[in-house]
Amino acid sequence: MPDTTISTLLGLKQKGEKIAMLTAYDATFAQAACQAGVDVLLVGDSLGMVLQGHDSTLPVSLADMAYHTAAVKRGNQGALLISDLPFMAYATLEQTFASAAALMQAGAHVVKLEGAAWLAEPIRQLAERGVPVCAHLGLTPQAVNVFGGYKVQGRGDAAARQLRADAIALEQAGAAMLLLECVPSELAAEISQSVKIPVIGIGAGPATDGQVLVLHDMLGLSLTGRSPKFVKNFMEGQPNIQAALAAYVQAVKAVSFPAEEHGFSA
Ligand code: KIV
Ligand code: NA
């Protein structure tokens, strides 16, 4: 059992204390993030891009995710550990159970799935079998080829209504947490208020219950030389990586990150 659990996060939401989450892919950075005070570590399938050099998350395998989850587990010092189920590893219920089992047995406490209302059934069935789920909504990078690019989601009345309904449906199905990526700040604020479960944002404005960034992005590292609008380089003004990680946690807790310029309008 980690020191930080789903119940801890619910308590933070109720108190109005922001949740600081960061991706980690190895033991050393997992430990460094924990020492900086990070509440939640995410073994993201973003590793396909930042570690493996692919241009999307689609090539990441379940074996890759299990390998990095096991590494992060060894460096973890009390954070809640979430791992991504990779592309097409949860296309059928049977596959979903086997994939979730592999990541939980590698050391994950929670698995994250990308989707919308169709995730209700897998979420319900995983929860019944002892697997808490974080549902990733909005810009879901595994669907980049459906979206036709990495684009803001939930813009316009119809899309906003749909996203609100999806969030509520997934909470009712038993999701333990929600993650909103690249949605208008105002919509993310409404959704965070309308569900009881913790909502983590990335490119979703300051009003979600917590924030997450990709480790490499917040350390100012980029393979392409460009970084998304919602990223801040926390190495700026800091003497070393440990200080940058601590500055991130402090900025999330103080609600000084994200600033307005990091968010999207409706
Ligand atoms: O894979 C990842 O790092 C993620 C975050 C960007 C939320 O899913
Ligand atoms: Na991901």
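**Figure 1. What lines the largest pocket of this predicted model.** Sort the lining by class and you get 18 nonpolar, 10 polar and nine charged residues. The space inside comes to about 980 Å³. In total, 37 residues line this largest pocket, and those closest to its centre are Met-49, Val-214, Asp-217, Pro-228 and Phe-230. Which elements give two or more residues to the lining? They are α3, β4 (110-114), β6 (177-181), β8 and α10 (215-218).

**Figure 2. The second largest pocket.** Here we have about 460 Å³ of space. The lining is made of 21 residues, with Gly-115, Ala-116, Thr-140, Ala-143 and Phe-147 the closest to the centre. Three elements to look for are β5 (133-138), α7 (144-147) and α8 (157-173), since each supplies at least two lining residues. Helix α8 gives the most, with four residues. As for the chemistry of this second largest pocket, 12 of its lining residues are nonpolar, seven are polar and two are charged.

**Figure 3. A cavity closed off inside the protein.** The structure holds one cavity of 30 Å³ or more, and the largest cavity has about 40 Å³ of space. Around it you'll find Gly-201, Ile-202, Gly-203, Ala-204, Gly-205, Gln-211, Val-212, Leu-213, Phe-230, Phe-257, Pro-258 and His-262. Strands β7 (199-202) and β8 (210-213) each bring at least two residues to that lining. The largest share, three residues, comes from β8. How many of the lining residues are nonpolar, polar or charged? Seven are nonpolar, five are polar and none are charged. If Phe-230 rings a bell, that's no accident: Phe-230 helps line this cavity and is also among the residues closest to the centre of the largest pocket.

**Figure 4. Two aspartates at the sodium ion.** Zoom in on ligand 2, the sodium ion, and you'll see its protein donors: the OD atoms of Asp-45 and Asp-84, lying 2.3 Å from the ion. Asp-45 sits in the loop between β2 and α3 while Asp-84 belongs to strand β3, so the two together tie up parts of the chain 39 residues apart in sequence. Are these two donors buried or exposed? Asp-45 has a relative accessibility of 4%, so it counts as buried. Asp-84, at 3%, is buried too.

**Figure 5. Val-60, a neighbour of Asp-45.** Val-60 is found in the loop between α3 and α4. Its relative accessibility is just 4%, so Val-60 counts as buried. Leaving out residues up to four places away in sequence, Val-60 touches Asp-45, Leu-47, Gly-48, Gln-52, Met-65 and Pro-86. One of those, Asp-45, is a donor of the sodium ion, and another, Met-65, is a buried residue of α4. You can also trace a link to Met-88: 28 residues separate Val-60 from Met-88 along the chain, yet their C-alpha atoms are 9.9 Å apart.

**Figure 6. Helix α4 and what it packs against.** Helix α4 runs over residues 62-75, which makes 14 residues. From first C-alpha to last, α4 reaches 20 Å, close to the 20 Å expected at 1.5 Å a residue. Which of its residues are buried? Look for Met-65, Ala-66, His-68, Thr-69, Ala-70, Ala-71, Val-72 and Gly-75. The buried residues of α4 pack against α2 (27-35), β2 (40-43), α3 (47-50), β3 (80-84) and α5 (93-106).

**Figure 7. A closer look at His-68 in helix α4.** At 13% relative accessibility, His-68 is below the 20% cut-off and so counts as buried. Who does His-68 touch, and what are the partners called? Not counting residues up to four places away in sequence, they are Tyr-25, Val-43, Leu-47 and Leu-51. Leu-47 turns up in the contacts of Val-60 as well.

**Figure 8. Gln-14, out on the exposed side of things.** Gln-14 belongs to helix α1 (residues 6-15). With a relative accessibility of 67%, which is over the 50% cut-off, Gln-14 counts as exposed. What separates Gln-14 from Ile-197, in sequence and in space? The two are 183 residues apart in sequence and 9.6 Å apart in space, C-alpha to C-alpha.

Methods
Residues are numbered from 1 along each chain as its sequence is written. Chains are lettered from A and ligands numbered from 1 in the order in which they are written. This is a predicted model: local features need pLDDT of at least 70, side-chain atom pairs count only at pLDDT 80 or more; totals for chains, interfaces and linings use all residues. Side-chain values use heavy atoms; hydrogens and water are left out. The expected span of a helix is 1.5 Å times one less than its number of residues. Buried means under 20% relative accessible area, exposed over 50%, partly exposed in between (1.4 Å probe, protein chains only). Contact means heavy atoms within 4.5 Å. On a 1 Å grid over the protein atoms alone, a cavity is a set of points where a 1.4 Å probe fits but cannot get out, and a pocket is an open set with protein on both sides within 12 Å along at least five of seven lines; lining residues have an atom within 4 Å of a point. Grid points are joined across faces, edges and corners, and a volume is the space filled by probe spheres set on the points. Ala, Val, Leu, Ile, Met, Phe, Trp, Tyr, Cys and Pro count as nonpolar, Asp, Glu, Lys and Arg as charged, and the others, Gly among them, as polar. Donors are N, O and S atoms within 2.8 Å of the metal (3.2 Å for Na, K and Ca); water is not among the atoms, so sites may look incomplete.
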